[in-house]
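Trainee: Could we take a close look at one part of this model together? I would like to go through it slowly.

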Amino acid sequence: MNENKLKINTLVYQQKISLSTVNYQLKKMGIIKDLFKIKADAANIEIKDLLKEHGNKKIGEVTLAQIYQGMRGITGLVTETSLLDTQEGIRFRGYTIPELQQKLPKAPDGDQPLPEGLFYLMLIGELPTEEDVNHITSVWQRRSHVPNHVFATIDALPITAHPMTMFVTGVMALQTESNFAKEYAKGLNKKDYWSITYDDAMDLIARLPRIAAYIYRRKYKNNEHIQPNGLLDWSGNLAHMMGYEDESFKELMRLYMTIHADHEGGNVSAHTTHLVGSALSDVYLSYAAGMNGLAGPLHGLANQEVIKWIFEMQKELDTQSPTKQQIANYVQKTLTAGKVVPGYGHAVLRKTDPRFTAQMEFGKKHMPNDPLVNTVWNIYETVPPILQSLGKIKNPWPNVDAHSGSLLVHYGMVEYEFYTVLFSVSRALGVLSSLCWDRVLNFPIERPKSVTTAAVKLWLEGKEEIWE
Ligand SMILES: CC(C)(COP(=O)(O)OP(=O)(O)OC[C@H]1O[C@@H](n2cnc3c(N)ncnc32)[C@H](O)[C@@H]1OP(=O)(O)O)[C@@H](O)C(=O)NCCC(=O)NCCS
């Protein structure tokens, strides 16, 4: 960091000049990366002071049950980009989804937020202007080239491979482009980790729509590909390259990419990206690891499971529009077979997911009479009381995955195995802006303590001290 920047940081920290003055100057130059660094340096000073004064304060206790039960309720991570409230749902840097829909810049004639704006918000910590969002769109356009060997690697997989397998394989093939890995091998100064991580993150995000669309067209559309359109925004271009030109589908993609982007730090995909990144694995390695987690049916794959489950129900009942009673019977059958009702329940949330509600509102505006979408709404009225009556489920309400597939099917995207790829493209915005923060804050390698049951028994018998 040069001397001027250090001076600015100190002045900002001492509140002698406002951040808006600094922002204005930097925005005029269009340098989001520098603004990020200034914010991060101020945060670094703040965190150091905070730890100096309060570092020994206890923030919770851990029970034996918690370490056997998925560490639920243990606070053990810092993730700056978003925070999940059990009742309210997700807040991105303090803003709820309805607030984002209102406050983030939109495409011309659109009414859904551009996810470029959410990325800016998560990275910088404040709302972007239209100019900022347009700037990110053009940066991502510029960086979106995907080298041929990535497509060749995807092509080497059988067409029957799951789209998530193709996606993660494509991202791993793209790892050849990691500047962090190259520079680290040459001997990179610790102070520069954040800068190259930021550049790698911008490159990767920019390239993901092309990889996703390539997989879609390869697997489902006779391997006939569509070239990117340099005039479109990130989500609009994804829709275009997949072959969907309907303006309202592009709006759906903007909404989809915004609401799936982040869900604080402890979920499997965010935590995995952060954990793998803590070993100084580059952006490509860390993100691919996280997306392998998203591909699990209890996490992101639930969106494909929901539509599969509804299609199976329609087939079995021989109707496109099952009644609520028929739905209730089918739910009972699912539970009796020892299966979960996909799209319902959550590890943290304790009410209807606002991401479900945002999609329901989109459905009411764009497709109020669609039979599948109406079935999703009827399931919403039927499932929670049944799950509640079991007495063991902590959250009987729908999550984001309960709705997303039905909106995609409305536009003809019936290939539900592909849905988690869309989720992954969106999730990159959250986990990679977080990884930039991990690097700039110099978070160390993550290494919690684990124990064996034998050690637990000795401890219970008083034969072993609590572990360090
Ligand atoms: C999301 C999920 C993994 C959270 O798991 P969790 O934190 O362990 O949830 P709970 O503490 O409420 O689970 C308590 C019990 O209820 C069951 N349960 C939770 N959600 C259920 C559902 N949708 N259908 C049936 N049973 C469910 C659990 O399997 C568990 O049963 P067990 O004690 O017999 O093992 C879980 O709700 C689930 O599997 N949902 C369906 C898949 C899904 O939609 N995933 C996407 C999440 S965004």
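Trainee: Which helix gives the most to the nonpolar patch, and with how many residues?

Mentor: Happy to go through that with you, and please keep in mind that this is a predicted model. The helix you are after is H4, residues 64-68, which gives the most to the nonpolar patch, with 3 residues. One residue of the patch to pick out is Ile67, whose place is in helix H4. The patch lies on the surface and is formed by Val62, Leu64, Ile67, Tyr68, Val451 and Leu460. Together these residues have about 530 Å² of accessible area.

For a contrast in setting, turn to helix H8, residues 148-155, and helix H9, residues 163-174. Their axes come within 9 Å and cross at roughly 145°, and the crossing is right-handed. On the H8 side the contact is made by His149, Val150, Thr153 and Ile154, while H9 brings Met166, Thr169, Gly170, Ala173 and Leu174. Sorted by class, that contact has 5 nonpolar and 4 polar residues, with no charged ones.

Helix H8 also takes part in a salt bridge: Asp155 pairs with Arg218, and their closest N and O atoms are 3.3 Å apart. Because Asp155 lies in H8 and Arg218 in helix H11, residues 193-220, the pair ties together parts that are 63 residues apart in sequence. The count of salt bridges in the model comes to 19.

Technical notes
Residues numbered from 1 in each chain as written. Predicted model: local features only at pLDDT ≥ 70, side-chain atom pairs only at ≥ 80, totals over all residues. Heavy atoms only, no water. Axes fitted to C-alpha atoms, helices over the stretch in contact; angles between N-to-C directions. Helix = DSSP H or I, 4+ residues; strand = E, 2+ residues; numbered from the N terminus. Left-handed = near helix turned anticlockwise from the far one by under 90°. Contact = heavy atoms within 4.5 Å. Nonpolar A, V, L, I, M, F, W, Y, C, P; charged D, E, K, R; others polar. Patch = residues over 30% accessible without salt bridge, like charges linked within 9 Å, V, L, I, M, F, W, Y side chains within 5 Å. Areas by Shrake-Rupley, 256 points an atom, 1.4 Å probe, with all protein chains shown as cover. Salt bridge = Lys/Arg side-chain N within 4 Å of Asp/Glu carboxyl O.
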